Amino acid sequence: MNYRRDSAKKNLSEDDIEFIAANTDFDRNQILEWYEEFRQKCPNNQLNKASFVKFYKSLIPGDSKAEDSFCEHVFSAFDTDNNGYIDFSEFLIAFWIRSKGSLKDKLNWLFDIYDMDKSNYITPWELSRMLRLVFSMKSINDDPYLASKQIFDDIDRSKDGRLTRQEFIAGCTKYEKYRNLFAPF
Ligand SMILES: [Ca+2]
Ligand SMILES: [Ca+2]
């Protein structure tokens, strides 16, 4: 057994491993391997926003085009307890959802990116702010404000000018073009 695997075991509790295994399909060995990689990137076992953006972009080749400003919003979807840092469990579970979760889990995750102030609603302002970034990343020449208005017309079922998590998930399930637009990588 090599030294690094051994030291990884010391720092990652059995509870952590069980919790991650219950929420993903990673097995114990995969979790330990990821832990090694995570620790190398952040020796104090937590990622702040800046270190997250770097790490995230290095992990997903397709995301290298993602702009830092967009990844900063992705950060909030990983930081599930909202304490300003991403610990290993938060990281690995969100990463798994992002790549292998069900459509519903992925859309839930996406909602957290777009709900910038964590109010549990997406406002037209939040949507157009995010779309501005998305359009810039995808070199789309549309007006984010008008696009946001169109999207609200289509998926804001209650017509109260804000999207609940449910409306967002239902709308993105129905309209493939929107879910492809919202996840720009
Ligand atoms: Ca956190
Ligand atoms: Ca909000």
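Colleague: How much of residues 143–178 is helix and how much strand, and how far apart are the end C-alpha atoms?

Modeller: Over residues 143–178 the chain is 69% helix and 6% strand, with 15 Å between the end C-alpha atoms; here helices (H or I, at least four residues) and strands (E, at least two) are DSSP runs numbered from the N terminus. This is a predicted model, in which local features need pLDDT of at least 70 and side-chain atom pairs count only at pLDDT 80 or more, while totals for chains, interfaces and linings use all residues. Residues are numbered from 1 along each chain as its sequence is written, and chains are lettered from A and ligands numbered from 1 in the order in which they are written.

Colleague: And what about residues 102–137?

Modeller: For residues 102–137 the figures are 72% helix and 6% strand, and the C-alpha atoms at the two ends of that stretch are 25 Å apart.

Colleague: Let's pick one residue there. Where does Phe-111 sit, and is it buried or exposed?

Modeller: Phe-111 belongs to helix α7, which covers residues 103–114. It counts as buried because 22 other C-beta atoms lie within 10 Å; the cut-offs are 20 or more such atoms for buried, 12 or fewer for exposed, and anything in between for partly exposed, with C-beta atoms placed from the backbone.

Colleague: Which residues does Phe-111 touch?

Modeller: Leaving aside residues up to four places away in sequence, Phe-111 touches Arg-165, Phe-168 and Ile-169, where a contact means that the C-beta atoms, placed from the backbone, lie within 7 Å. As for distances along and across the fold, Phe-111 and Tyr-121 are 10 residues apart in sequence, and their C-alpha atoms are 8.8 Å apart in space.

Colleague: How do α7 and α10 cross?

Modeller: Helix α10 runs over residues 165–174, and its axis comes within 10 Å of the axis of α7, the two crossing at roughly 125 degrees; such axes are lines fitted to C-alpha atoms over the stretch in contact, and angles run from 0 to 180 degrees between N-to-C directions. That angle makes α7 oblique to α10, since angles under 35 degrees count as roughly parallel, over 145 as roughly antiparallel, 65 to 115 as roughly perpendicular and the rest as oblique.

Colleague: Which residues make that contact?

Modeller: From α7 the contact uses Leu-103, Lys-104, Leu-107, Asn-108 and Phe-111, and from α10 it uses Arg-165, Phe-168, Ile-169, Cys-172 and Thr-173. These residues divide into six nonpolar, two polar and two charged, where Ala, Val, Leu, Ile, Met, Phe, Trp, Tyr, Cys and Pro are nonpolar, Asp, Glu, Lys and Arg are charged, and the others, Gly among them, are polar.

Colleague: What does α7 do with α6, angle-wise?

Modeller: The axis of α6, a helix of residues 88–100, comes within 8 Å of the axis of α7, and the two cross at roughly 120 degrees, which makes α6 oblique to α7. In this contact Ala-94, Ile-97 and Arg-98 of α6 meet Asp-105, Lys-106 and Trp-109 of α7, and the residues divide into three nonpolar, no polar and three charged.

Colleague: Where does α3 meet α6?

Modeller: Ile-31, Trp-34, Tyr-35 and Phe-38 in α3 meet Phe-88, Phe-91 and Leu-92 in α6, and this contact holds seven nonpolar, no polar and no charged residues. The two helices pack at an angle of about 115 degrees, and their axes are 11 Å apart.

Colleague: Switching to serines: is Ser-99 buried or exposed?

Modeller: Ser-99, which is in helix α6, counts as exposed because it has 11 C-beta neighbours inside 10 Å. Its C-alpha atom is 9.7 Å from that of Ile-60, although the two are 39 residues apart in sequence.

Colleague: And where is Ser-119?

Modeller: Ser-119 lies in the loop between α7 and β3, the latter being residues 121–122, and with 10 other C-beta atoms within 10 Å Ser-119 is exposed. Between Ser-119 and Ser-58, which are 61 residues apart along the chain, the C-alpha separation is 30 Å.

Colleague: Last topic, backbone angles: what is phi at Asn-45 and at Lys-159?

Modeller: Asn-45 has a positive phi of about 70 degrees although it is not a glycine. It is placed in the loop between α3 (28–41) and β1 (46–47), and with 15 C-beta neighbours inside 10 Å Asn-45 counts as partly exposed. For Lys-159, also a residue other than glycine, phi is positive and near 55 degrees; Lys-159 sits in the loop between α9 (144–155) and β4 (163–164), and is exposed, with 8 other C-beta atoms within 10 Å.

Note on methods. Two residues are in contact if their C-beta atoms, placed from the backbone, lie within 7 Å.
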